[in-house]
Every structure is written in structure tokens, then in C-alpha cells.
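This report concerns salt bridges and one helix packing in a predicted model. The structure is shown first, and the description follows.

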Amino acid sequence: MHCRAIQTLTSASILGMDLLVSQVVPGAFHTADENYDAPICHPNTRIAVLVEIMDWLNDTNDPHCAMWIRGAAGAGKSAIARTIAQICEERGRLSSSFFFSRTAGDKRRSDDKHLVATLAYQMMEYSSETQSFVSEAMANSGSIFDLTLDTQIDELIVIPLSRLSNTSSLGSPTLPKIIIIDGLDDCHNKDMQSVIVKEFVAAVARMQHNFPHKLLIASRPEQIILSAFSDRRVVPFLRVLSLDDRWKPDNDIRNFLVHSFADIRQTHPLRHLIPSDWPTSHDIEKLVEKSSGQFIYAATVSKYIKSRYNHPVQCLKIIIELIKDPEIRPYAELDGLYTYLFAQTEEPDAVLHILCILLMPSPTMMTIPFIQDLLSLDEGDVELALSGLSSIMEIKSSKINFLHASLPDFLLDETRAGRFYANSDRICVHLFRCCLRYISESKIGRGDIEAISICFLGLGHFAKSVRTAHSEIYDALAGFDLKFALKLAAKTADLLETSWQSMSLYVGEFLTWILQQHKKQSSFRTPYIPLEIISQLQEWVSDQLRKLPLDGPIASPLDNETFETVFADPEINFCYSLVFQPEDRYITFRRAELLGAFKMDGDERLYIALYYCHYFFSDRLEMVDFHSDAKERRMRHVAIHVSFFLQNAAPRIDVYLSLYKVLAFNSTQEFEEILRKASLRLRLVDPLVRYLELRLQHSFPSPSQENHDLALSLAEYLVKTHEAFPFLGKKDRYSRAKLVIAKWVVRWRQLQFSFGFSSFVISFIVILAAAMYKCL
């Protein structure tokens with residue numbers, strides 16, 4: 001801005017003008033040298049917004065003489081305001097402007113005391129006729145800048161413009177001029193932000209009859225500014241323009257990025273190393289998505305990538321892949337904004353507690369009532385804690401949303417967030433204690449079951465997030481009633497409308513962490529996790545397994561009433577889901593250690609194996625196909641666990657038959673895997689031969705054609721698998737011969753009634769000889 005020559009003035013006026021000039025902040029002009037790199041709207045972007053503003057400015061019948069451009073931090077408010085200032089200056093429509101900034105080298109740019117002086121000075125620049133009126137006001141009151149804001153506005157802006165409108169040389173303007181105040185939220189005196197809004201709106205309203213002006217204010221929607229614009233004396237004159245999704249910012253951001261990268265390919269010193277098809281459309285879309293409609297992210301990325309000291313291709317790779325390196329700070333400008341906003345909050349710890357809860361990997365969005373209960377806060381405390389962050393977060397229908405998709409990345413990166421790192425040990429330990437308290441105070445079958453589910457998720461999440469303060473987690477667990485918590489989890493899982501398997505995942509993660517810590521303590525000198533926690537866990541599992549009816553024959557699980565009755569117990573169902581969760585569900589639960597506390601005899605092992613197969617194939621265990629070989633992985637999972645139980649199990653042929661029926665019904669090949677792992681092929685021979693002998697004598701208890709056919713099928717299967725292993729020893733071959741003979745004896749015993757006794761004897765001798773020859 002070029003200052004025009006000051007007209008001939010009296011000595012008093014000259015002194016007054018000197019005082020005015022001393023209060024002016026040239027850096028706040030939209031054309032200031034220090035703002036040479038300040039953002040303006042990129043060509044062909046924000047067109048709809050700019051047209052909306054200019055239409056409002058040109059409409060002389062619009063009663064709204066003030067417009068508030070509101071938007072999240074980094075939404076592009078300043079770029080829009082600066083662009084409007086340029087357009088209006090070119091058309092002779094700019095009266096004055098002031099661009100607040102808290103980060104500028106000149107600290108006066110965040111000081112309200114220099115606002116009116118700077119606006120009045122520019123007004124003289126654009127309308128030299130007002131100079132004599134302003135200098136006269138300065139001469140009459142040398143202490144004018146010690147007076148109230150409304151007095152300064154009247155004396156230096158309103159009255160000079162009113163007097164100017166009465167001069168015959170100028171006449172009445174056909175279109176209003178504009179006063180622009182940008183970045184009001186950067187004014188360090190928060191109380192004055194409200195005063196500036198009210199007094200400037202009132203002043204512009206008074207000017208409409210003499211020298212019409214319109215007022216444009218751009219700022220974040222912080223609480224004190226929002227309240228000022230909601231004042232009943234302001235609302236009648238106000239028009240609000242919100243930079244939300246209505247303006248489709250993603251299209252403008254995409255356009256900006258495409259042109260920025262094209263410029264980099266053409267002008268960067270390393271352009272000969274940049275592929276012509278760089279970047280890919282996929283990369284562009286990822287950046288657009290990460291921007292969340294906020295231009296500051298796209299502008300920051302572009303500024304970092306186009307630096308002549310960086311390799312653009314490598315810089316984009318760092319951005320896309322979120323490579324963390326303390327020496328590389330591509331988001332320095334964005335991080336500075338976030339750090340400043342968090343530093344302005346009155347209770348940073350309370351804010352971080354809330355944000356850390358929001359950042360939990362929960363499929364359910366956290367509600368404010370739940371956060372209040374978890375943190376033991378009073379109603380309204382959450383809203384108050386977050387009131388200073390309304391430019392990057394919003395509250396709608398009791399839920400909190402991040403306006404910047406890049407904000408969680410900042411909060412979860414300690415190198416970027418520093419003291420505002422959300423997953424610090426201090427924060428995680430506190431939230432772990434809160435989850436323990438919430439669970440301990442909950443009632444089984446009552447309360448917010450979704451909230452209880454999230455708390456179980458929180459136990460594993462926060463415990464695993466702690467890096468060094470493990471002793472504080474162990475102290476928090478002392479006295480915790482884990483058996484009650486598991487009972488609560490089982491009942492809650494039973495009541496959840498969504499998949500109750502998610503609860504077993506949440507609890508499983510927590511118990512996995514407990515057992516992992518317990519294992520570490522046996523190898524290293526570390527603070528001990530309370531042993532009663534381990535004991536409670538083992539006791540609970542034993543209690544559930546002992547609820548199973550571990551005696552008597554069991555039929556097919558597909559229609560067995562006993563099985564359905566047993567697993568109607570939420571704790572048994574939950575225990576099986578928890579302990580026998582498939583490995584492809586990302587759980588490393590130490591089942592051997594857990595089940596080892598349950599001293600199982602042979603029969604108990606058999607029945608638990610059988611119940612497990614029932615459970616697995618009853619569709620109670622939810623499966624997720626993460627791999628193309630999901631079925632094979634599932635069956636391998638069955639083989640491993642059934643084999644575990646069948647080791648040292650009693651040779652109960654009735655249970656084996658039921659087990660075989662379950663497995664053979666689903667896959668004979670996988671059943672072979674189970675038999676192989678448990679070394680049960682030959683161990684099945686003797687009890688099966690005994691069964692067939694008893695069947696031949698009609699002395700097997702509760703014989704049935706189904707069991708008879710099943711036994712024959714199993715015998716044939718074992719003979720077939722034995723034939724595939726020619727390396728078997730003589731004892732094994734003898735067992736196979738016994739099996740073959742017994743099988744055919746039973747078969748020909750049935751045929752004697754059809755062919756007569758003599759035919760049966762002859763046939764039996766032939767078959768016996770053939771079988772002995774084949775086996776031996």
C-alpha cells in the first residue's frame with residue numbers, strides 16, 4: 001500500500017496524525033510485504049463462495065449489513081477474506097481491512113488496541129477526502145486511543161464518513177464499500193472479541209443512511225464469538241456464511257492439489273526425476289480425504305512437497321505412508337495450529353482424557369453421557385472442556401466429531417503432539433482406572449450394555465498402550481474382582497443386540513495382556529501383576545467347564561437338546577467363545593496355561609473335546625474369513641484343540657463315536673488331521689473292536705442302528721487310513737487285522753438270516769482267511 005501525501009494541516013493536526021500513524025500496524029494490511037506468501041483462493045476454486053459474498057455486497061436492498069464467515073480451523077477463511085479484499089480494491093470498493101494473526105512477527109497484529117487506528121488510516125488511503133476529518137478528530141482528542149472502542153469507531157470512522165457524505169464533491173455512493181476484519185479469534189484479548197463484533201455491527205448499521213458500508217468478519221466459531229453474533233442487537237443485521245460441505249470443498253481441494261502438483265512437475269529443480277504420471281489419482285484422493293474439507297492440510301502438504309530442498313516424490317511418499325521421523329516435519333504449520341488451540345484450553349488434561357476415549361478403536365461412537373459417567377464428570381463438563389476447540393471439533397446430538405481427519409494422527413504421534421500426546425502413560429493409566437471403576441460399579445443385567453462393552457475394550461486398549469508405567473496398572477488391578485467382571489461380560493454379551501462375539505474379543509485382548517505380563521514376570525525382575533488376578537481367571541474357566549455334564553453318551557450336536565440347554569448359560573457360552581476363539585481373530589490367548597489350571601481326568605478331557613466340536617459346528621462361534629484358505633484354517637484350529645483334549649483321554653468308544661459323527665459330518669479329511677495329531681488311529685482300534693464284539697452279542701448298552709452304522713463306518717475309515725501307512729509294525733498290523741475281522745464278523749452276522757447258517761459259515765471262513773492274508 002502506498003501512502004498518499006498528507007494535506008496541509010495545522011500543527012495540532014500533524015501531532016494528531018503522528019499519534020495515529022504510531023498506532024497503525026502495516027502488517028495487518030492485506031497487501032503488507034510480510035503477507036507476500038499469505039494464502040489467497042487458488043484460481044477456479046471457491047468460486048461459489050466468492051460469488052455469494054460479492055452478490056451480498058452488491059445488493060443494496062439487503063438489510064444484512066454484516067456477514068460472518070465461519071468455519072473450522074484451516075477451512076480457508078483467510079484466503080477467502082484476502083481474495084475479497086483484492087477484488088474490492090481493484091473495483092474501488094475496499095474501505096479498510098485488518099488481518100489479525102497470533103503467529104506474525106509483529107505482536108501488535110493480535111492486539112485489539114491497534115484495530116481502529118489501522119482501519120482509519122487505510123480509510124484515508126482509499127478516500128483521501130476523509131483525511132482532514134480524521135486529523136481533526138485526532139487533534140481534538142490526543143488521548144483517543146485510551147477511550148472505549150465504540151468512541152474510537154465513532155470519532156475515527158463513522159463521523160468522518162458521515163461528514164464526507166455531506167460534501168458536494170463526492171455525493172452519495174451507488175454501491176456500499178466494505179470493511180474486512182479477518183482472524184478475529186486470533187485477537188489475544190478474548191473479551192474484546194465480543195466487543196468488536198457488537199460495536200462494529202452497530203456502527204455499520206448507523207452508516208447505512210449516510211455513507212453505506214458493509215462489514216465482513218471471518219473467524220472460527222469459538223464460543224465467545226458465537227455468543228456475540230447471537231446477540232439480539234446483532235442478529236437483525238447479520239448474515240452467516242458457513243464454510244461447510246454445502247460448498248463441496250473436496251472438489252476445490254482436488255483442483256488445488258492437481259494444479260499444485262502440475263506446477264511442481266514443471267518448475268521444481270528435480271523435475272527431471274519426477275515421472276510424468278506423478279502423483280497417481282489414488283494419491284490425490286487420499287490427500288483429499290485426509291483434508292476433511294480443510295484447505296490448510298492440502299496447503300501444508302503442497303508447501304512441504306514443493307520445497308526446492310526436498311525430493312517431491314519422496315516427500316509425497318512420507319505423507320501418504322505416514323512415515324514417522326523426528327527429523328522430518330511435513331506438518332509443522334498444521335501442528336503449530338493444533339498445539340496453539342490445545343494450549344488455549346483451560347484444562348488440557350481433561351481435554352486429553354476425553355479425546356483419548358474418542359480415539360479408542362471402538363465400532364460404537366462415544367456419547368457425551370457415557371464420557372461423563374466414565375470420567376465422573378458433571379453434566380455439561382464435557383462441553384465446557386471442549387468449548388475452546390469448536391474450530392476443530394463439533395458436538396451434534398450428544399456425539400463429538402473431529403472436523404479434521406488429520407487431528408487423530410497428530411494426537412497419536414508423540415513427536416508431533418508433544419505434551420498433548422493422547423496416549424501418554426499418565427492419560428492411559430487414568431483411563432484404565434476409570435474403566436475398572438465403571439465395570440466394578442455396574443450391575444449384572446442392568447445399565448448401559450454398550451458402555452460396559454466399551455469399558456472392557458478400554459481395559460485391553462489402555463493396558464497395552466502403557467509403555468513404562470506397568471506397576472501403576474498392576475496397582476490398579478489389586479482388589480479387582482475379575483470373576484465378577486467376567487460374569488458381567490458374559491451377561492452383557494448375551495444382551496448385546498450386535499454380535500456378542502465382539503465382547504469376547506475385547507475381554508480376550510485384556511486377558512491376553514494379563515497372561516503375557518504374567519509370563520514376562522517369570523523371566524524378568526519386574527513388578528508383579530497381582531497373583532489373585534491369575535487365580536481368579538483360572539478358577540472362572542474351571543467353574544464353567546465343570547458345569548458341563550461330563551458323563552453319559554451324547555448324540556449329535558445338531559439336534560441335541562442337552563447341548564442347547566447347557567450352552568443357554570451365558571457364562572458357559574462366553575467361556576467357550578473366549579477360550580476357544582479361532583486364531584485368525586487376532587487373539588494370542590494362552591489357552592494351555594489357562595486350561596492347565598483345570599485338572600482334567602480322561603473322561604473330562606473326552607467330553608470337553610466333544611462339547612468343543614459341538615460348539616464349533618453349531619454356528620455359535622462367529623467366524624470371519626480373513627484369508628482365502630479360511631475353511632482349512634478353521635479345521636486346523638479344531639484339530640489342534642480337540643487333539644489337546646484327547647491327549648491322555650479315556651478310550652470311551654461311545655464318546656468317540658459321537659465325536660467322529662460330528663467331525664465326519666463336516667469333513668473326513670480334517671478328522672484324519674485330528675486323529676494324526678492326537679496319535680489316536682491305533683488307540684481307537686481296541687475300543688472299537690470291543691464295541692463291535694459287544695454289538696455282535698447284542699450286549700452293548702442302548703444299541704441303535706445309527707451307532708451300529710457309525711461304528712462300521714469308523715472301522716472302514718481306520719482300515720483305509722492304516723493301509724496308507726505300510727510302515728506299521730507287527731503289533732499295529734495285528735490290531736488292524738482284529739479290526740478287519742470284527743468288522744466283517746458283524747456284517748456277516750447280519751447276513752446269516754438271509755442266506756442261512758451254512759452259507760454264513762462258509763462265507764465267514766473265506767472272508768476270515770482273506771482278511772488275515774491281507775493284513776499279515
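A residue counts as buried when its relative accessible area is under 20%, and as partly exposed between that value and 50%. D231 is therefore buried, as its relative accessible area is 14%. K198, at 28%, is partly exposed. These two residues form a salt bridge in which the closest N and O atoms are 3.7 Å apart. The pair links distant parts of the chain, with K198 in helix α7 and D231 in the loop between α8 and β5, 33 residues apart.

The whole structure holds 22 salt bridges; three of them are tabulated here.

| Salt bridge | Closest N to O distance |
|---|---|
| K198 and D231 | 3.7 Å |
| D335 and R416 | 2.7 Å |
| E414 and R467 | 2.9 Å |

D335 belongs to helix α13 and R416 to helix α18, so their salt bridge ties together parts that are 81 residues apart in sequence. D335 is buried at 3% relative accessibility, and R416 is buried at 13%.

E414, in helix α18, pairs with R467 in the loop between α20 and α21, 53 residues away along the chain. E414 is partly exposed at 38%, and R467 is partly exposed at 47%. Elsewhere, shared partners join R102, D185, D186, K190, R220 and E222 into one salt-bridge network.

Helices α20 (residues 449–465) and α22 (residues 482–495) pack at about 130°, with axes 10 Å apart. This angle makes α20 oblique to α22, and the crossing is left-handed. On α20, I449, I452 and F456 meet A485, L488, A489, T492 and L495 of α22. The residues of this contact comprise seven nonpolar, one polar and no charged.

Technical notes: Residues numbered from 1 in each chain as written. Predicted model: local features only at pLDDT ≥ 70, side-chain atom pairs only at ≥ 80, totals over all residues. Heavy atoms only, no water. Axes fitted to C-alpha atoms, helices over the stretch in contact; angles between N-to-C directions. Helix = DSSP H or I, 4+ residues; strand = E, 2+ residues; numbered from the N terminus. Parallel < 35°, antiparallel > 145°, perpendicular 65-115°, else oblique. Left-handed = near helix turned anticlockwise from the far one by under 90°. Contact = heavy atoms within 4.5 Å. Nonpolar A, V, L, I, M, F, W, Y, C, P; charged D, E, K, R; others polar. Salt bridge = Lys/Arg side-chain N within 4 Å of Asp/Glu carboxyl O. Buried < 20%, exposed > 50% of the residue type's maximum accessible area, 1.4 Å probe, protein only.
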